[in-house]
Amino acid sequence: MLDTWLTRELGISVPLLGAPMGGRAGGRLAGEVTRAGGLGLIGAARYNTAEWIEGEVRTAREIGGGAVGFGLMTWALADDDSLLTAVLEHRPQVVTLSFGDPAPYVERAHDAGAVVLSQINTIDDLRVVEAAGVDAVIAQGHEAGGHTGRIGTLPLLQEVLESTSLPVLAAGGIATGRGLAAVLAAGGQGALVGTALLASPETVGPDYARGRLVEAGSADTVYTDVFDKARHQPWPARWGGRALRNAFTEEWHGRGADEDTLAAAYTGDDPDIGVVYAGEAAGLVRSERPAGEVIRGIAEQAETLLSRFR
């Protein structure tokens with residue numbers, strides 16, 4: 001029941017990709033997702049170095065058995081694409097080029113043997129990435145954690161499925177087998193999971209993030225740009241980030257404060273101030289569970305549910 005374009009194209013048994021969460025998804029998390037039957041993606045953020053990438057690839061392959069993928073922010077490559085060069089030197093199975101036009105980079109990724117995916121947030125985005133020659137698209141909905149668009153996953157997924165012949169995956173709010181089954185039943189070829197993995201011990205980042213996620217409910221997130229401004233992250237204005245609410249967002253979200261004011265008030269070491277990007281599926285994350293257990297559980301529940309319709 002879980003045989004899709006994604007599983008066949010990548011030679012995996014579960015149609016799940018571990019989301020390439022910058023600052024959270026390193027080689028250990030990616031490797032455990034791959035070992036569980038999906039494919040883990042390492043988040044290559046603009047501040048990462050070639051040396052960091054090499055180390056994370058080694059870790060991911062030692063754990064997962066060889067296959068690895070990466071996710072990059074396309075807008076950040078315009079001034080300096082050396083990060084993409086460093087990634088492609090390791091010949092990843094998958095490269096996601098999201099948040100911008102991937103046209104300048106798709107051929108290079110294909111030449112390195114990678115399947116190229118793009119996360120999209122609107123139908124206009126779909127047309128851009130289709131023209132760029134990507135192999136598949138990921139309809140990323142507003143429920144997603146981290147940076148995302150403004151259309152909900154289910155409306156966007158339906159619209160994209162009816163608007164393209166490319167394989168379509170979904171991202172945003174998918175944290176159980178019920179979510180994966182819904183995507184596959186709708187005609188999707190798989191899903192990205194991010195928030196469901198954020199309480200796993202294999203993530204990197206501040207220790208407090210896992211506990212805060214487990215304590216949070218699905219109504220405890222906010223779509224905001226205050227963390228980008230506070231940390232001088234030059235994200236294009238069209239993409240805000242969904243994060244857990246805390247004292248910092250209560251104080252500053254929606255107030256229009258400038259970057260210097262926000263930066264002076266911010267410290268990532270304080271659990272009441274530091275950013276924890278997470279999606280509206282936060283309420284489905286009830287304990288700190290190993291990533292492999294999470295992936296296998298999603299797959300088993302989805303297969304059980306879908307088998308009812310044989």
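Which residues does Gln 140 touch, not counting residues up to four places away in sequence? In this predicted model, the list comprises Phe 99, Gln 119, Ile 120, Asn 121, His 147, Thr 148, Gly 149, Ile 151, Leu 156 and Ala 171. Gln 140 itself belongs to strand β6, which covers residues 136-140. With a relative accessibility of 4%, Gln 140 falls under the 20% cut-off and therefore counts as buried.

One helpful place to turn next is strand β11. All 5 of the 5 residues in this strand (residues 240-244) are buried, so β11 is largely enclosed by the rest of the structure. Two pairings of β11 can be followed here. Strand β7 (residues 146-148) runs antiparallel to β11 and is joined to it by 3 bridges; within this pairing, Gly 146 has Arg 242 as its bridge partner. Strand β10 (residues 221-224) is likewise antiparallel to β11, with 4 bridges between them. Here, Val 222 finds its bridge partner in Ala 243 of β11.

Val 222 also leads on to a helical residue, as it is among the residues touched by Thr 249. Thr 249 sits in helix α11, formed by residues 247-252. Besides Val 222, the contacts of Thr 249 include Val 226, Phe 227 and Leu 244, again leaving aside residues up to four places away in sequence. A polar link can be added to this picture: the side chain of Thr 249 reaches the backbone nitrogen of Asn 246 at 3.0 Å. Thr 249 has a relative accessible area of 4%, and is therefore buried.

Conventions
Residues numbered from 1 in each chain as written. Predicted model: local features only at pLDDT ≥ 70, side-chain atom pairs only at ≥ 80, totals over all residues. Heavy atoms only, no water. Buried < 20%, exposed > 50% of the residue type's maximum accessible area, 1.4 Å probe, protein only. Pairing = 2+ DSSP bridges. Contact = heavy atoms within 4.5 Å. Polar contact = N/O pair within 3.5 Å; in protein donor to acceptor, adjacent residues only side chain to side chain.
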